[in-house]
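The following exercises ask the reader to work from atomic geometry to a statement about a fold. Each task is followed by a solution in steps.

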Amino acid sequence: MYADIIVDISHEKVDRPFQYRIPDRLIDRLSVGMEVLVPFGRGNKLTSGYVIDITEHCNYGPAKDDPARMKEIFSVSQNGVTVESRLIRLAEWMHTNYGSTMIQALKTVLPAKQSVKKLAVRKVERRGSREELIAALGEAQRKKQTAKARLLTELLDNETIPYEWITGKLGVSAPAIKSLERAELLCVVTESAYRNPVGNWETGDARKNLSPAQQGIVTEVLGDYDAGRRGTYLIHGITGSGKTEVYMALIEQVVARGKQAIFLIPEIALTYQTLVRFYQRFGDRVSLINSTLSAGEKYDQCERAKNREIDVIIGPRSALFTPFPDIGLIVIDEEHESSYKSENTPKYHARETALEVARLHGASVVLGSATPSLESYYRALHGEYKLFQLKERLTGGTLPRVYVADLRNELKEGNRSIFSVKLQELLRDRLEKGEQSMLFLNRRGYSGFLSCRSCGYVVKCPHCDVSLSEHAGGRLICHYCGYEIPKMKQCPQCGSRYISGFRAGTQQIEEKLKELFPQARVLRMDADTTRRKDSYEKILSAFSGGEADVLVGTQMIVKGHDFPRVTLVGILAADLSLSVADFRAGERTFQLLTQAAGRAGRGETPGEVVIQTYQPEHYAVVHSASQDYEAFYREEILYREMLSYPPVSHMLAVQVFSKDEEGGRNLAGRLAKEAETFIDPAERLEKRMLLMGPAPASIGRINDIFRFVFYLKYANYGTLVKVKDALEERIREWQPREESVQFDFDPINTM
Ligand code: ADP
Ligand code: ZN
Ligand code: ZN
């Protein structure tokens, strides 16, 4: 048996592990993540390293052909479980459960060594007693060692002195300092100067008296914690219901027990106010990680975490890998957000990964959202998570009034504008009153679906119940199973010829708005207008500063930000997200509509919302209009159950990429056949394990790379992992030259 070992544990070094033989006495004791001592380099100096893999194959170096020459592991280190070994075990878990190489997984979890020079501060600290210093000073004066005397005099007054000041201002040479250090009168210490990305904050006490509902949550979670029970908790509460206050109370209590806490929040949802609240509560013991930090700054944050200089980290999904020694609590706010799923291999989900981090540390996990993911709510209802509800807005402000505008009727009544009569009327009213409005187009990537503007019919796959997508050559294709029909010219339901794709962008809306209301001051926010680094913040602050009457934008505008002067929100085409070829389309739409509606009427004046749609009877529209999450959940889960979609079942997507269209299609077909051998006929009959596809991916070609995909659905996640392992084995055997394959478990984005 052999072990792959990395000696210097850093992101850059994992590509080149060293292989060692495992001596018989260690075979039963060794596992991935353990720290070991190995003879290293030409001198065979005993060096500590970490086991990242254990295999039966001798793979590396000159010993490849002569395993007897391979060096042996000397011993298992006595350091016990270290920060590093937990990270390596986490990487192994990700490698197993998400399908990536161990190296890719390690690179995901290990901090990248700083690429900028670390700022170091050297100081001289006084050692020795006062008497010893005075004696040494006398001697230096006798011997006319004036520089030494200056330094000793200074040291009598100051316990620590910056090194540069001694060599500069005091004019003391390095050898003179060194000789005093040898005499144990002083000590030179090097400290890294950590760059805190947020700077200094005034600490104030903004602590609230928790409401009974909030206190109930805190008491129960801490009660479990102190009784040694580690759980997962879901807080379902609308925006403003006091979730953040609960998170902070819990974090504070866990930190008081000597542990550390991770607070995950999607970057786009982290507001300045939230940050200030954390800094006011935790001062210098909290830090922030985000995408604008340099690699060096990130590395510094990791070092501070490891050295227990901070207790709390705030950040997006990668903050999960902060090398804290002893994590007590992980909080995931806005847990339904799709940004918690990584789009790069390993395609991990922060929510699932957090549970593993918590298991490795013995921590608890708290999830929170106004619109929980189906996954979390499902588990909460099945008793896997404890569910808490916060039902009231603590800041007052009433829920907005919601109107649903049926676009089929608008067409019938001769209104061919993008804006319904109701929306036009309310926009005019706001412009007259000088109040602000937001117009929101929930376009999400590519949505080439076909729908009838007369009756609202959407062309869907009969097998998968997701929309078919329009392709070149007038074909409509299902991206899950490959079902294909020619594009029709008439609506199959009502015979109307108004059947087409939906094509309107934010720019077009801006133009139409200006035609209709020439006096309106309009700002637009979308991928085009926010390409420059700070333009996003600029547009938001211009709008909240009252420099415009209407903000037009994509979903970017509905996240996180508070605009107290907005009293009208228009959702221009709810169907755009409703009819995306994705089984989560209904869930996304409900989340987006609820969130967008929540933007109206944050201030004193109550708000109004207009949802425009061709499918006003769709349950995602109906229940978001009444802000009724439970009712939405009940209908959505039925759909998932009927078609075995997550969370009822698990789903493995196998994606094949190739420059050569035929080659890609071919490999996808062969792999799908392999996968099919895992399906027991009885299970297929009971629809317990299902294969869908292969089919061209919904974005069938990007940069001339063709993409094919097939899906496996099965209740047991472990079985899907086995299928993935078997497919990986085949790929190694076949060694495709042009094709590459990626795995995605429980995909969030099936484009
Ligand atoms: P959420 O995270 O659910 O949006 P927050 O914790 O941010 O809710 O609370 C919303 C607002 O209510 C904040 O301004 C917060 O300061 C205030 N708040 C929270 N809890 C209390 C409380 N117990 N008493 C008074 N105000 C509170
Ligand atoms: Zn029709
Ligand atoms: Zn289908």
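The exercises below concern this predicted model.

**Exercise 1. The chain as a whole**

Task: State how many helices and strands the chain has, and what share of its residues counts as buried.

Solution.
- Step 1. The secondary structure consists of 23 helices and 30 strands.
- Step 2. The chain has 751 residues, and 54% of them count as buried.
- Step 3. Among contacts with a separation of 6 or more, 74% are between residues 24 or more positions apart.
- Step 4. One example of two residues distant in sequence is Ala213 and Gln389: they are 176 residues apart in sequence, with a C-alpha to C-alpha distance of 8.1 Å. Ala213 belongs to helix H7 (residues 212-226) and is partly exposed, at 41% relative accessibility.

**Exercise 2. The zinc site**

Task: Identify the donor atoms of the zinc ion (ligand 2), classify the geometry of the site, and determine which parts of the chain Cys452 and Cys491 tie together.

Solution.
- Step 1. The zinc ion (ligand 2) is coordinated by the SG atoms of Cys452, Cys455, Cys491 and Cys494, at 2.2 to 2.4 Å.
- Step 2. The angles among the 4 donor atoms are 106 to 112°. Four donors count as tetrahedral if all angles lie between 85 and 135 degrees, and the site of the zinc ion (ligand 2) is accordingly tetrahedral. For reference, the ideal angle for four tetrahedral donors is 109.5 degrees.
- Step 3. The spacing of the donor residues in sequence is C-x2-C-x35-C-x2-C.
- Step 4. Cys452 lies in strand S18 (residues 451-452), whereas Cys491 lies in the loop between strand S21 (484-486) and strand S22 (499-500); the pair therefore ties together parts that are 39 residues apart in sequence.
- Step 5. Cys452 is buried at 0% relative accessibility, and Cys491 is buried at 4%.

**Exercise 3. An aromatic pair and its cluster**

Task: Classify the arrangement of the rings of Phe590 and Phe632, and name the aromatic cluster that contains them.

Solution.
- Step 1. The structure holds 20 aromatic pairs. In the pair of Phe590 and Phe632, the ring centres are 4.3 Å apart and the planes are at 10°, so the pair is stacked.
- Step 2. Phe590 is in helix H18 (residues 585-597) and Phe632 in helix H20 (residues 629-642), so the pair ties together parts that are 42 residues apart in sequence.
- Step 3. Both ring-bearing residues are buried: Phe590 has a relative accessible area of 2%, and Phe632 is at 1%.
- Step 4. Phe590 and Phe632 form one aromatic cluster with Tyr377, Tyr619, Tyr629 and Tyr633.

**Exercise 4. Charges over rings**

Task: Determine which rings lie beneath Arg670 and the charged end of Lys713.

Solution.
- Step 1. Arg670 lies over the face of Trp734, 4.0 Å from the ring centre.
- Step 2. The charged end of Lys713 sits over the ring of Tyr645, at 4.2 Å from its centre.

**Exercise 5. The buried face of a helix**

Task: Establish how the buried residues of H15 are arranged about the axis, and what covers them.

Solution.
- Step 1. Helix H15 spans residues 506-516, and its residues Thr506, Ile509, Glu510 and Leu513 are buried.
- Step 2. Viewed down the axis of H15, the buried residues fall within an arc of 100°, so they line one face of the helix.
- Step 3. The cover over these buried residues includes helix H14 (421-433), strand S17 (436-440), strand S23 (522-525) and strand S24 (550-553).

**Exercise 6. Backbone geometry**

Task: Locate the cis peptide bonds that involve Pro647 and Pro694, and describe the positive phi of Gln627 and of Ser644.

Solution.
- Step 1. Pro646 and Pro647 are joined by a cis peptide bond with omega of about 5°; Pro647 is in the loop between H20 and strand S27 (650-658).
- Step 2. The bond from Gly693 to Pro694 is also cis, with omega near 5°, and Pro694 lies in strand S28 (residues 689-702).
- Step 3. Gln627, although not a glycine, has a positive phi of about 55°. Gln627 lies in the loop between helix H19 (619-625) and H20 and is partly exposed, with a relative accessible area of 26%.
- Step 4. Ser644, likewise not a glycine, has a positive phi of about 55°. Ser644 lies in the loop between H20 and S27. At 13% relative accessibility, Ser644 is buried.

Terms used
Residues are numbered from 1 along each chain as its sequence is written. Chains are lettered from A and ligands numbered from 1 in the order in which they are written. This is a predicted model: local features need pLDDT of at least 70, side-chain atom pairs count only at pLDDT 80 or more; totals for chains, interfaces and linings use all residues. Side-chain values use heavy atoms; hydrogens and water are left out. Donors are N, O and S atoms within 2.8 Å of the metal (3.2 Å for Na, K and Ca); water is not among the atoms, so sites may look incomplete. Four donors count as tetrahedral if all angles lie between 85 and 135 degrees; four count as square planar and six as octahedral if opposite donors are over 155 degrees apart and all others between 65 and 115; anything else is irregular. Helices (H or I, at least four residues) and strands (E, at least two) are DSSP runs, numbered from the N terminus. Buried means under 20% relative accessible area, exposed over 50%, partly exposed in between (1.4 Å probe, protein chains only). Rings of Phe, Tyr and Trp (its six-membered ring) pair if their centres lie within 6.5 Å; planes under 30 degrees apart count as stacked, over 60 as edge-to-face and the rest as tilted. A charge sits over a ring if NZ of Lys or CZ of Arg is within 6 Å of the ring centre and within 35 degrees of the ring normal. The arc is that of the directions from the helix axis to the C-beta atoms. Contact means heavy atoms within 4.5 Å.
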